[in-house]
Amino acid sequence: MAYNYDLHAHSTASDGTLTPAELVAHARAQGVDVLALTDHDDVGGLAEAARAAREEGVTLVPGIELSVTWSHQTIHIVGLGIDPDQETLTAGIARQHAFRAWRAQEIGRRLEKKGIGGALEGARRLARGEIVSRTHFARFLVEQGHAASVQEVFRRYLVRGKPGYVPGDWATLEEVVGWITAAGGQAVLAHPARYRLSASRLRRLAAEFRDLGGTALEVLSGSQARDHAIHLAQLARRCGLAASRGSDYHGPPSPWVELGRLPPLPEGCTAIWETPGWTGPVAA
Ligand code: AMP
Ligand code: MN
Ligand code: MN
Ligand code: MN
C-alpha cells in the first residue's frame with residue numbers, strides 16, 4: 001500500500017502551536033506514515049520529533065523551511081532529509097536568526113509608533129522556540145484586542161504597505177539551495193502558487209531553482225488552492241522537477257489543512273520520494 005506522506009509541517013520551534021512530540025502524535029492519529037518537520041529557519045524541534053517518531057512508529061524526515069528573497073519577493077524553500085548539525089547549514093541558520101531578531105525589533109518599534117506598545121516583548125513571550133515570526137506578533141495583537149484574527153492582523157499591519165511591515169532581505173535562492181544540499185538534503189520550492197507570480201516569472205523561478213540544484217515543487221500544499229495542482233504538475237514535469245505534498249500544518253486553532261489529508265499527487269508526476277536522492281522510506 002502507498003504511504004501517506006506529509007512533507008511540510010510546523011511545531012512550536014517556529015510558529016506552530018503543537019510541540020514537536022504533540023505534532024508527531026497527531027500525525028500518527030491522522031494516518032500519516034512519513035512526516036517532515038519543517039520549521040521556519042530553525043531545526044530546534046527535530047531531536048524531540050525524532051524521539052517521538054520512534055515511539056509512535058512514524059517515519060520522521062528532518063526538514064526546515066528557509067526564507068529567501070528572490071527578485072524583491074519573499075519565497076520559501078523547504079529542505080528535506082537534512083543533517084541539522086551540518087556546519088554550512090548551521091551558519092546559514094544563524095544568519096537567518098540574526099535577520100529575524102533585527103526585524104522583530106523593527107516591527108516592535110513601528111507598531112509602538114502606531115500606539116501598540118509591548119509588541120516585541122509580547123511576541124517573544126508567545127514564541128516558544130528561538131525564532132520570532134510575524135505570526136507571534138499577530139497572535140499578540142489578537143490577544144490584546146487590536147484585531148479579531150491573525151489573518152486580520154496580517155492584512156492591517158504586517159504585509160507590505162502596512163505600518164508594521166519591515167522591508168529587508170533574507171538569503172538568496174542560491175545560498176539557501178546551497179545550504180540544503182551541503183547538509184545532504186533535497187530542496188523543494190514551497191507553495192509556488194502563493195507568490196502570485198505571473199506564469200512567465202513562475203517558470204523563470206522554477207528553472208532557476210532547478211539549475212541551482214533544487215529537486216521538487218510543492219504541487220500539493222495546504223497553503224495554496226487545490227486547483228493549482230494540475231498546472232504545477234505540468235510545470236514540474238517540463239522543468240525536470242519532481243513533486244512534493246505537504247499540508248503546511250501549523251496546529252490548532254487554525255484554518256490550515258489537516259495533516260495527511262491532501263489528495264494524492266496528480267498522474268504523471270515524479271514524487272520526491274521516488275527520486276534517487278530521497279532519504280526516507282519508499283512504498284513497496
Ligand atoms: P515570517 O516568516 O515571520 O515572515 O512569517 C511568515 C508566516 O506568517 C507564514 O509562514 C505563515 O505561517 C504566516 N502568515 C503569512 N501570511 C499570513 C496571513 N495572511 N494570514 C495568516 N498567517 C500568515
Ligand atoms: Mn508559518
Ligand atoms: Mn511557507
Ligand atoms: Mn510552512
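Where does ligand 1 sit? In this predicted model, ligand 1 sits in the largest pocket. Both domain 1 (5-92 + 172-274) and domain 2 (97-158) contribute residues to the surrounding shell, and ligand 1 therefore lies between the two domains. The points below describe that shell, the polar contacts of the ligand, and two backbone features.

**The shell around ligand 1**

- The residues that surround ligand 1 are Asp-15, His-40, Arg-100, Arg-103, Ser-133, Arg-134, Thr-135, Val-150, Gln-151, Phe-154, His-250 and Trp-256.
- Sorted by class, this shell comprises five polar, four charged and three nonpolar residues.
- Three helices each provide at least two residues of the shell: helix H3 (87-113), helix H5 (134-143) and helix H6 (150-158).
- Among the contributors to the shell, H6 gives the most, with three residues.

**Polar contacts and burial of ligand 1**

- His-40 places a polar side-chain atom 2.8 Å from an oxygen atom of ligand 1.
- For Arg-134, the distance from a polar side-chain atom to an oxygen atom of the ligand is likewise given as 2.8 Å.
- Arg-100 also has a polar side-chain atom facing the ligand in this sense, at 2.9 Å from an oxygen atom of ligand 1.
- Ligand 1 exposes 500 Å² when taken alone, and the protein buries 83% of that area.

**Backbone features**

- The peptide bond that runs from Pro-252 to Pro-253 is cis, and its omega is near -10°.
- Pro-253 belongs to the segment that follows strand S7 (242-246).
- Asp-41 has a phi near 50°, which is a positive value in a residue other than glycine.
- The position of Asp-41 is in the loop between strand S2 (34-37) and helix H2 (46-56).

**Summary of the site**

- Ligand 1 occupies the largest pocket, and its shell draws residues from both domain 1 and domain 2.
- Polar side-chain atoms of the shell residues His-40, Arg-100 and Arg-134 are each paired with an oxygen atom of the ligand.

Conventions. Residues numbered from 1 in each chain as written. Chains lettered and ligands numbered in written order. Predicted model: local features only at pLDDT ≥ 70, side-chain atom pairs only at ≥ 80, totals over all residues. Heavy atoms only, no water. Near = heavy atom within 4 Å. Polar contact = N/O pair within 3.5 Å; in protein donor to acceptor, adjacent residues only side chain to side chain. Areas by Shrake-Rupley, 256 points an atom, 1.4 Å probe, with all protein chains shown as cover. 1 Å grid on protein atoms, 1.4 Å probe; cavity = no way out; pocket = protein on both sides within 12 Å on 5 of 7 lines; lining within 4 Å. Sits in = over half its atoms within 2 Å of the grid points. Helix = DSSP H or I, 4+ residues; strand = E, 2+ residues; numbered from the N terminus. Nonpolar A, V, L, I, M, F, W, Y, C, P; charged D, E, K, R; others polar. Domains from an automatic or database assignment.
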